[in-house]
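Here's a model to poke at with a few questions. Have a look at the sequence and the coordinates, then read on.

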Amino acid sequence: MDAETVELVETKLDQAESRLEALDIDCWLTFARETSEIPEPALALILGADVVWESAFLVTASGDHHAIVGRYDADPVEAVGRYEVHTYDESIRDPLRDTLEALDPDRIAVNYAENEQVADGLTHGMYRRLCSLLEGTDYPGRFESSAPVMGSLRHSLTDLERTRMKRAAELTEELLAEAVEAWEPDWTEARFADFLHDRMREDGLESAWSWDGCPAVDAGAAAPVGHTHPGDRTVPPGEVLHVDFGVRYEGYASDIQRLYYRSHEDEAPPADLQAAFDDVRAAIEAGKAVLEPGVPGHEVDAAVRKAITDRGWSAFEHAAGHTVGRNAHDAGPLLGPRWDRYGDRPERTVSAGEVYTLELGVETEWGYLGQEELLEVTDEGARYFLPPQTGLRTLE
């Protein structure tokens with residue numbers, strides 16, 4: 001296991017201890033197996049490796065951490081240096097029960113959650129298996145969701161995580177600049193995406209979301225809006241190319257949207273197009289002005305929503321922003337409205353050290369004017385994580 005992975009895991013375990021103490025939770029139990037097939041999001045933070053056999057990781061506020069793993073899974077766990085490692089051959093049952101009996105935790109956080117996808121790694125089958133292993137004890141009755149723990153670990157970035165994210169964002173802009181430089185008028189949406197995919201392969205980069213849909217490329221007014229796959233449309237003169245793109249660098253993602261105008265006979269963008277672009281930028285700036293520690297996510301969304309509707313546009317049918325970290329759509333507070341599908345995430349408050357998107361767009365006769373920027377929250381408020389797009393860029 002490399003030194004940076006060990007450093008990351010050590011820092012995340014320190015964060016977990018503090019979070020458990022603040023929540024008065026005695027133990028955080030992660031139970032998993034064959035995680036290369038069905039990933040358990042917690043392991044990237046508390047181990048930095050996959051497991052094969054049934055494995056249990058017990059993290060406590062006191063720092064008394066235990067890992068119960070199959071004999072042949074022990075090496076990477078021991079390399080972390082923060083766990084008392086218990087190995088087994090035939091069954092995890094006895095060492096798991098013995099460890100819980102020694103710790104005797106009153107409150108046990110396990111990885112299920114209704115509104116936090118990264119804290120929902122415990123499958124239904126594994127939950128049933130865990131309960132069967134503990135049959136005859138009252139430990140299952142002490143289980144509660146790990147969402148307040150796992151969510152905090154995912155959106156509270158360490159310096160190492162921030163550095164990786166920053167590079168992911170820079171690479172995203174660099175690759176987009178290369179694609180625009182190489183662009184030809186006969187390029188389809190799919191050709192634009194293929195160029196980016198080829199460059200990502202060359203640089204060993206992963207996509208920030210599903211490969212086939214990253215980037216999303218929308219050429220002109222005829223293109224559908226949403227999580228689309230690139231098609232055979234080209235950009236008509238006098239219309240806009242919209243790209244939603246992000247890469248993953250050393251496990252950390254970026255997520256931005258950029259706009260490019262294909263000029264008609266070298267004419268400048270129409271005044272109404274420029275005004276619409278400026279309206280979307282103004283809405284992002286309105287959200288940035290509200291984005292600061294202690295503010296609930298729904299208040300940021302409301303500021304963005306009011307800014308765009310006050311300018312005569314329809315409200316957008318999605319959240320105004322989300323956290324970014326290991327995934328493009330990551331854990332923690334959501335800058336969204338109080339809609340049922342978002343659960344309690346819009347009620348959660350923003351904290352310093354988090355990175356968010358602010359994103360929205362308007363549909364126009366020139367195409368979809370979607371803009372998405374990355375911002376990081378500091379004690380003093382929000383600042384752009386990457387220089388924003390402040391003007392329409394040109395396809396030539």
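Q: Which residue in E16 is the bridge partner of Glu-363?
A: This is a predicted model, where local features need pLDDT of at least 70, side-chain atom pairs count only at pLDDT 80 or more, and totals for chains, interfaces and linings use all residues. Residues are numbered from 1 along each chain as its sequence is written, and side-chain values use heavy atoms, with hydrogens and water left out. Strand E15 (residues 355-364) and E16 pair in the antiparallel sense over ten bridges (strands, E, are DSSP runs of at least two residues and helices, H or I, of at least four, numbered from the N terminus; two strands pair if DSSP finds at least two bridges between them). In E16, the partner of Glu-363 is Tyr-368.

Q: How many residues does the hairpin between E16 and E17 run through?
A: E16 and strand E17 (residues 381-384) are antiparallel and joined by four bridges. One facing pair there is Glu-376 with Arg-383 of E17. The hairpin that links E16 to E17 goes through two residues.

Q: How many residues of strand E16 are buried?
A: Buried means under 20% relative accessible area, exposed is over 50%, and partly exposed is in between, using a 1.4 Å probe and protein chains only. Strand E16 covers residues 367-378 and is largely enclosed by the rest of the structure. The buried count is twelve of the twelve.

Q: Which element gives the largest share of the largest nonpolar core?
A: A nonpolar core is a set of buried Ala, Val, Leu, Ile, Met, Phe, Trp, Tyr and Cys residues joined through side-chain atoms within 4.5 Å. The largest one has 39 residues, and Leu-176, Phe-192 and Phe-245 are among those with the most contacts inside it. Elements that give two or more residues to this core include helix H7 (159-182), helix H8 (189-203) and strand E9 (240-245). The largest share, nine residues, comes from H7.

Q: Which proline does Phe-245 touch?
A: Contact means heavy atoms within 4.5 Å. Leaving out residues up to four places away in sequence, Phe-245 touches a list that includes Leu-176, Trp-209 and Cys-214. The proline on that list is Pro-215.

Q: What is omega for the peptide bond from Cys-214 to Pro-215?
A: Cys-214 is buried, at a relative accessible area of 0%. Pro-215 sits in the loop between E7 and E8. The bond from Cys-214 to Pro-215 is cis, and its omega is near 15°.

Q: Why does Cys-27 make no disulfide, and how far is the closest cysteine sulfur?
A: A disulfide is a pair of cysteine sulfur atoms within 2.5 Å, and a search of the whole structure finds zero of them. Cys-27 is buried, with a relative accessible area of 1%. Its closest cysteine sulfur is in Cys-131, which is too far for a bond, at 15 Å.

Q: Which residue in E10 is the bridge partner of Ser-207?
A: There's an open sheet of three strands, ordered E7-E10-E11 with antiparallel pairing. Strand E7 (206-207) and E11 are its edge strands, each pairing on one side only. Two bridges join E7 to strand E10 (residues 247-249), and the partner of Ser-207 is Val-247.

Q: What is the relative accessible area of Glu-250?
A: Glu-250 lies in the loop between E10 and E11. It has a positive phi of about 50° although it is not a glycine. Glu-250 is partly exposed, with a relative accessible area of 44%.

Q: How far apart are the end C-alpha atoms of helix H1?
A: The expected span of a helix is 1.5 Å times one less than its number of residues. For the 21 residues of helix H1 (residues 3-23), that should be 30 Å. The model agrees, with the ends apart by 30 Å.

Q: Which residue caps the N-terminal end of H1?
A: Look for a side-chain oxygen that lies 3.1 Å from the backbone nitrogen of Glu-4. At the other side, H1 is followed by Asp-24, whose phi is positive, near 60°. The N-terminal cap is Asp-2.

Q: Is Thr-158 buried or exposed?
A: Thr-158 lies in the loop between helix H6 (147-155) and H7. Leaving aside neighbours within four places in sequence, Thr-158 is in contact with Leu-8, Thr-11, Lys-12 and Gln-15. With a relative accessible area of 10%, Thr-158 is buried.

Note on methods: Polar contact = N/O pair within 3.5 Å; in protein donor to acceptor, adjacent residues only side chain to side chain.
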